[in-house]
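User: I am new to this structure and would like to learn how to read it. Please take me through it one feature at a time.

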Amino acid sequence: MDNIIRDGNPTLRKYADKVTFPLSQEHQQLAKDMMKYLEVSQNPDLAEKYGLRAGVGLAAPQVDVSIQMAAVLVPSPVEPDDPDNHDDVLKAAQEAQDNPVFKDVIINPVIVSQSVQLGALSEGEGCLSVDEDKPGYVPRADRITLRYQDVDGNDHKVRLKNYPAIVCQHEIDHLHGVLFYDHINKEQPFAAEENTLLIG
Ligand SMILES: CNC(=O)c1cccc(C)c1Nc1nc(N2CCN(c3ccccc3Cl)CC2)nc(N2CSC[C@H]2C(=O)NC)n1
């Protein structure tokens with residue numbers, strides 16, 4: 001997974017191909033590797049050891065595979081007892097991952113409905129494929145109903161709101177060749193339509 005491609009690579013601007021089932025061995029391994037990347041990247045020690053940027057989502061086009069597959073691992077917000085105690089920080093990171101808010105590899109995802117209510121991360125968005133900072137609010141639907149297939153081909157229909165909803169929209173954008181900063185208002189990056197919910 002140290003082969004995350006960067007903005008400028010044309011693969012990031014392609015509309016990815018639908019995935020057929022049963023998954024090929026290659027696609028099964030890719031799903032495992034992408035989720036593993038997120039797990040390792042969210043562990044401060046391992047992330048440092050392997051020089052990984054932390055992420056809660058990773059889409060196949062970001063590793064130069066233009067198919068409709070993305071790993072999403074949104075940990076529960078667990079704070080360390082003592083943020084200055086390294087063991088507490090590690091324990092909290094592990095606990096946060098052990099009961100995630102949302103964890104799955106979403107395949108052929110479709111947002112079947114979404115709230116009129118908008119939401120945006122109050123600190124803006126980051127992306128493993130975009131090295132430079134792109135400050136600004138990224139307005140998205142605050143709540144979505146998402147249909148997708150998992151690696152076994154089972155159909156899922158989930159309702160997500162706030163952070164996990166933002167993350168899934170960011171990843172589904174990748175499958176359509178869209179990057180987060182495409183949504184930032186160029187004249188006024190931190191102007192948000194009124195009653196946009198600021199998240200986090
Ligand atoms: C420019 N300001 C900012 O980036 C930004 C700045 C502050 C706060 C937020 C909330 C920001 N925004 C933002 N922060 C994240 N992380 C917060 C830290 N976290 C993490 C870090 C360490 C261990 C475990 C974990 Cl979990 C990993 C994920 N992730 C995304 N995105 C956008 S949707 C896809 C998702 C993604 O995975 N990007 C790589 N945005």
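Analyst: The turns below cover the ligand site, a salt bridge and two backbone features. This is a predicted model, in which local features need pLDDT of at least 70 and side-chain atom pairs count only at pLDDT 80 or more, while totals for chains, interfaces and linings use all residues. Residues are numbered from 1 along each chain as its sequence is written, and side-chain values use heavy atoms, with hydrogens and water left out.

User: Which residues come nearest to the ligand?

Analyst: A residue is near a molecule if one of its heavy atoms lies within 4 Å of it. Of the 16 residues around the ligand, the nearest are G55, V56, E123, G124 and G126.

User: Which polar backbone atoms lie close to ligand atoms, such as that of V56?

Analyst: A polar contact is a pair of N or O atoms within 3.5 Å. A polar backbone atom of V56 is 2.8 Å from a ligand oxygen. A ligand nitrogen is 2.9 Å from a polar backbone atom of G124, and a nitrogen of the ligand lies 3.0 Å from a backbone N or O atom of G126.

User: How is the shell around the ligand divided by residue type?

Analyst: Ala, Val, Leu, Ile, Met, Phe, Trp, Tyr, Cys and Pro count as nonpolar, Asp, Glu, Lys and Arg as charged, and the others, Gly among them, as polar. Here the shell has 6 nonpolar, 6 polar and 4 charged residues.

User: How many salt bridges does a search of the whole structure find?

Analyst: Side chains of opposite charge can pair when their charged atoms come close. A salt bridge is a side-chain nitrogen of Lys or Arg within 4 Å of a carboxyl oxygen of Asp or Glu. The search finds 8. One of them pairs D131 with R6, whose closest N and O atoms are 2.9 Å apart.

User: What about the backbone?

Analyst: Most residues other than glycine have a negative phi, and most peptide bonds are trans. F21 and P22 are joined by a cis peptide bond, with omega about -5°. N162, although not a glycine, has a positive phi of about 55°.

Key
Polar contact = N/O pair within 3.5 Å; in protein donor to acceptor, adjacent residues only side chain to side chain.
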